[in-house]
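Biologist: I want to learn how the labels on a model are earned. Shall we take them one at a time?

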Amino acid sequence: PGPANDHRIHEAKEDVPMTMLEMGWFSTGRGEGSLGLLNFIQGLILRGELDARIRFVFSNREPGEAEGSDRFFQQVSDYGLPLASYSSRSFRKSVGGAFDDHRLQYDREVMVRLEGFNPDVCVLAGYMLIVGPEMCHRYTMLNLHPALPWGPIGTWQEVIWSLLESRTETTGSMGHLVTEEVDRGPVVAYCTLPLIGGQFDQAWREIEGRPIAELKEAYGEELPLFRLIRKEGYKREPYLLGAALGALAKGQVVVREDRVLDRGGQTIEGLCMDGEIERTVASG
């Protein structure tokens, strides 16, 4: 429904202040990570550190469906944010078959529920569905992915196992535009995380020479190195999301027709936020 999104994040001129960044927030809201990201960004807004506001929250769960999402919905209510929801589980049962075969139909139902909202950017923060082509063309969507632009795709668990299997020495996180190619859209901002030095060296030595299949069987996600990578990446993700949204709000980066541009209109491959994020992590 409606025309394709015209990417309303415009280039900022030196003498023209940016207007407030209007955001939509997509989240399944199933756990502490989703709740933490919402709290972190809303905290920046309330303290005046991010010139933005969340116009609506959308979830693919409905109240009463799960304990974790109900806690999330309560926080949304406490903030006074409009909530729209449409259960993907109920939808799947009603249509039968594989969800992928009906993704377009589901997305269209979601867009109907969001008519009247015209966000500058929609943030995917713990949204556990893949967005289909119509919706990612309708809205400018920013996804937080726990890997570097050239790194593994998939869930955070899949990413970590891939890093362990390839013995990767550097990972990170990125905020990227949502496109039809999953986890590969143009990057707005990213940060890196070295996986060597300090605690990492000892954790790598503990698994030296052992195949991934054996480690999965013996330890699963309780493997010390697995947990360490998740801990250090998780610590940085809220700061990266805040930095990416701040760059958009200030006009440091501009989104135009699925391209990420700098203030001068040149295509960039994302802002590296290492210095800002590491200073904040160290002080926090």
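**Labels and their cut-offs**

Modeller: Start with a side chain: a polar atom of the side chain of Arg 236 lies 2.7 Å from the backbone oxygen of Glu 232. Keep in mind that this is a predicted model: local features need pLDDT of at least 70, side-chain atom pairs count only at pLDDT 80 or more, and totals for chains, interfaces and linings use all residues. Residues are numbered from 1 along each chain as its sequence is written, and side-chain values use heavy atoms, with hydrogens and water left out.

Biologist: What makes the pair of Glu 232 and Arg 236 a polar contact?

Modeller: A polar contact is a pair of N or O atoms within 3.5 Å; within protein, one must be able to donate a hydrogen and the other to accept it, and residues adjacent in sequence count only if both atoms are side-chain atoms. The distance here is 2.7 Å, so the pair is within the 3.5 Å limit.

Biologist: Why is Arg 236 called buried?

Modeller: Its relative accessibility is 8%. Buried means under 20% relative accessible area, exposed over 50%, and partly exposed in between (1.4 Å probe, protein chains only). So Arg 236 counts as buried.

Biologist: Where does Arg 236 lie, and which residues is Arg 236 in contact with, leaving aside neighbours within four places in sequence?

Modeller: Arg 236 lies in helix 9, residues 224-250. Helices (H or I, at least four residues) and strands (E, at least two) are DSSP runs, numbered from the N terminus. With those neighbours left aside, Arg 236 is in contact (heavy atoms within 4.5 Å) with Cys 191, Leu 193, Ile 277, Glu 278 and Val 281.

Biologist: How do you know that Cys 122 has no disulfide partner?

Modeller: A disulfide is a pair of cysteine sulfur atoms within 2.5 Å. The closest cysteine sulfur to that of Cys 122 is in Cys 136, 12 Å away, so it is too far for a bond. Cys 272 is in no disulfide either; the sulfur of Cys 191 is nearest, at 7.9 Å. The whole structure holds zero disulfides.

Biologist: Are Cys 122 and Cys 272 buried or partly exposed?

Modeller: Cys 122 has 0% relative accessibility, so it counts as buried. Cys 272 has a relative accessible area of 43%, so it is partly exposed.

Biologist: What makes an empty space a cavity, and what makes it a pocket?

Modeller: Both use a 1 Å grid over the protein atoms alone. In a cavity, a 1.4 Å probe fits but cannot get out; a pocket is an open set with protein on both sides within 12 Å along at least five of seven lines. Lining residues have an atom within 4 Å of a point.

Biologist: How many cavities of 30 Å³ or more are there, and which element gives the largest share of the lining of the largest cavity?

Modeller: There is one cavity of 30 Å³ or more. The largest cavity holds about 130 Å³ of space. Its lining has 16 residues, and those closest to its centre are Pro 146, Gly 172, Ser 173, Ile 229 and Gly 233. Helix 9 gives the largest share of that lining, six residues.

Biologist: What about the pockets?

Modeller: About 970 Å³ of space lies in the largest pocket. Its lining has 34 residues, with Gly 126, Tyr 127, Met 128, Asn 143 and Leu 144 nearest its centre. The second largest pocket holds about 280 Å³. Helix 9 gives the largest share of its lining too, six residues.

Note on methods: Points joined across faces, edges and corners; volume = space filled by probe spheres on them.
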